[in-house]
Amino acid sequence: MTSSQTHSDREPKTATSFFERYFELLDGPDPYSSLELVAEDVEFSIQWAADTSRKSSQFLGGLAELRGFIDMGDTEGWAHYVLHSGVSGDVEFALGETRWDSGERIGTFLAVAELDGSGRMRKYMVARSPALAFPGVQ
C-alpha cells in the first residue's frame, strides 16, 4: 500500500498488515510469540487509559520492558481488532479497537510502528482510550 492507500474491514483484504499479524500473535495462546516481530533494539511508548477519566499511564522502554508489559497483561476474554491500516515507506499505522469476546468495544487504539529492513518493529507508539469510538470506520 502507498501512503495514500488504506484498508478497512469493509474492503477485501489483499495482504495482512504488520499490526494484524502482531496483534494476532499477542492475543493468541502464546503472547510472547509477538516478540518475534520486534527488533532487538526496539523503543516504545504505550499510552493507556483504563477509563474515561483524565488519568492514563505511559509505559516506555525497550525489548525487556515490552516483555514486562506482556507479563502484566490479561489477554483472556478480549482481543485487538484492526479497523483501518496504512503504510508509508517503513512506517505502518493502524486504527483499531479492543473488544470483549461478546463483541462489545472496550477501547479504541491508534498504533504506529517503524519497521526495520527485515520487517520487525523498531519504534512503536500506541495510545488506547475507551473515551472515543469511530463508528463510521466499522
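A salt bridge is counted here where a side-chain nitrogen of Lys or Arg lies within 4 Å of a carboxyl oxygen of Asp or Glu. The exercises below apply this rule, and others, to a predicted model.

**Exercise 1.** Work out which residues arginine 122 pairs with in salt bridges, and where the first of these partners lies in the chain.

*Solution.* Step one takes aspartate 90, whose salt bridge with arginine 122 has its closest N and O atoms 4.0 Å apart. Because arginine 122 sits in strand β7 while aspartate 90 belongs to the loop between β4 and β5, this pair ties together parts that are 32 residues apart in sequence. Step two takes glutamate 114, whose side chain meets that of arginine 122 in a salt bridge of 3.0 Å, N to O. Step three joins the two results: through shared partners, Asp90, Glu114 and Arg122 form one network. Step four considers accessibility, for which partly exposed means a relative accessible area between the 20% and 50% limits. Arginine 122 at 28%, aspartate 90 at 38% and glutamate 114 at 23% therefore count as partly exposed.

**Exercise 2.** Describe the salt bridge between glutamate 43 and lysine 123, and state how many salt bridges the rule gives.

*Solution.* The side chains of glutamate 43 and lysine 123 meet at 2.8 Å, N to O. This pair links distant parts of the chain, with glutamate 43 in strand β2 and lysine 123 in strand β7, 80 residues apart. Glutamate 43, at 44% relative accessibility, is partly exposed, and lysine 123, at 38%, is partly exposed as well. The count by the rule comes to five salt bridges.

**Exercise 3.** Characterise the largest pocket by its volume, its lining and the elements that supply the lining.

*Solution.* The volume of the largest pocket is about 620 Å³. Its lining has 26 residues, of which Trp48, Phe69, Gly73, Trp78 and His80 are the closest to the centre. By class, the lining divides into 19 nonpolar, five polar and two charged residues. Among the elements that each supply at least two lining residues are α1, β2 and β7, while α2 gives the most, with four residues.

**Exercise 4.** Decide whether helix α1 is largely enclosed or largely open, starting from its buried residues.

*Solution.* The buried residues of α1 are Phe18, Phe19, Glu20, Tyr22, Phe23, Leu26 and Asp27. Since seven of the ten residues of α1 are buried, the helix is largely enclosed by the rest of the structure. For the chain, with its 138 residues, the buried share is 38%.

Notes: Residues numbered from 1 in each chain as written. Predicted model: local features only at pLDDT ≥ 70, side-chain atom pairs only at ≥ 80, totals over all residues. Heavy atoms only, no water. 1 Å grid on protein atoms, 1.4 Å probe; cavity = no way out; pocket = protein on both sides within 12 Å on 5 of 7 lines; lining within 4 Å. Points joined across faces, edges and corners; volume = space filled by probe spheres on them. Nonpolar A, V, L, I, M, F, W, Y, C, P; charged D, E, K, R; others polar. Buried < 20%, exposed > 50% of the residue type's maximum accessible area, 1.4 Å probe, protein only.
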